[in-house]
Amino acid sequence: MTGQVRTVDGRVAGRRGQATRQKLLDCLSEMLSSSPYRDVKVIDVARKAGTSPATFYQYFPDVEGAVLEIAEEVAKEGAGLTELVAGRPWVGKAGWQTAEELVEGFLDFWRRNDAILRVIDLGAAEGDKRFYKIRMKILNSVTNSLTDSVKELQAKGRVDKDISPAAMAGSLVAMLAAVASHQKGFTTWGVKQAELRPNLALLVHLGITGKKPTK
């Protein structure tokens, strides 16, 4: 854990305090995987962490405040998604590999953080600006890099000038997010993960380059 961790009243938490705070966040994360967000209560989180509600309130104003802390950490992790796109090639076999690795990385990130991402989506959909900003921070890490990729391809004459880079990138990332949050649902359509990912990569490649990939 980096930087100073403070209690709700502004005191700097010591090593034990930081460990307790992290344990509360870990327990809350685990509970979000099995319980609806609205059903999680402070007393349940504290009990699971082996401490008291009073201790919970030393570090967080309420459950939502703790959830936002977890969401911010996920957003920091999500910033790394830009590495899947930034400076990567979109021509030839290397272009197909870029599309595949983007899909793999994006879906894996979503699966790994599924519980908190569902809460972020819910908060954003309900108009909570705090959750909306976090959601956009995660999506922008890919959208901005994809936008730059389309612009570079246009500059080299490989993509039609009439294409809006931001619109194309934003549409593809919104598609990726929708598919990522629906991964389990694809099985009800008889679609296996091994089938989903290459087909999604094909759509991404077509969207960015306008061409079928060279495999």
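A nonpolar core is a set of buried Ala, Val, Leu, Ile, Met, Phe, Trp, Tyr and Cys residues joined through side-chain atoms within 4.5 Å. The exercises below use a predicted model.

**Exercise 1.** Find how many residues the largest nonpolar core has, and where it lies relative to domain 1 and domain 2.

Solution. The largest nonpolar core has 61 residues. Leu 28, Leu 32, Val 67, Phe 106, Ile 116 and Leu 146 have the most contacts inside it. Domain 1 (1–61) and domain 2 (71–209) both give residues to this core, so the core lies between them.

**Exercise 2.** List the contacts of Ile 116, leaving aside neighbours within four places in sequence.

Solution. With those neighbours set aside, Ile 116 is in contact with Leu 32, Val 67, Ile 70, Ala 71 and Val 74.

**Exercise 3.** Describe the span 41–60 and its annotation.

Solution. An unreviewed UniProt entry annotates residues 41–60 as "DNA-binding region". The span is 70% helix and 0% strand, and its end C-alpha atoms lie 13 Å apart.

**Exercise 4.** Classify the ring pairs that link Phe 56, Tyr 57 and Phe 60, and state whether each residue is buried or partly exposed.

Solution. The model has five aromatic pairs. Phe 56 and Tyr 57 are 5.7 Å apart, centre to centre, with 85° between the planes; planes over 60 degrees apart count as edge-to-face, and so does this pair. Phe 56 and Phe 60 have 5.3 Å between centres and 50° between planes, a tilted pair. Ring pairs thus join Phe 56, Tyr 57 and Phe 60 into a cluster. Buried means under 20% relative accessible area. Phe 56, at 1%, is therefore buried, and Phe 60, also at 1%, is buried. Tyr 57, at 42% relative accessibility, counts as partly exposed.

How values were computed: Residues are numbered from 1 along each chain as its sequence is written. This is a predicted model: local features need pLDDT of at least 70, side-chain atom pairs count only at pLDDT 80 or more; totals for chains, interfaces and linings use all residues. Side-chain values use heavy atoms; hydrogens and water are left out. Buried means under 20% relative accessible area, exposed over 50%, partly exposed in between (1.4 Å probe, protein chains only). Domain bounds come from an automatic or database domain assignment. Contact means heavy atoms within 4.5 Å. UniProt positions are given in the numbering used here, feature names are shortened, and annotations may be inferred rather than shown by experiment. Helices (H or I, at least four residues) and strands (E, at least two) are DSSP runs, numbered from the N terminus. Rings of Phe, Tyr and Trp (its six-membered ring) pair if their centres lie within 6.5 Å; planes under 30 degrees apart count as stacked, over 60 as edge-to-face and the rest as tilted.
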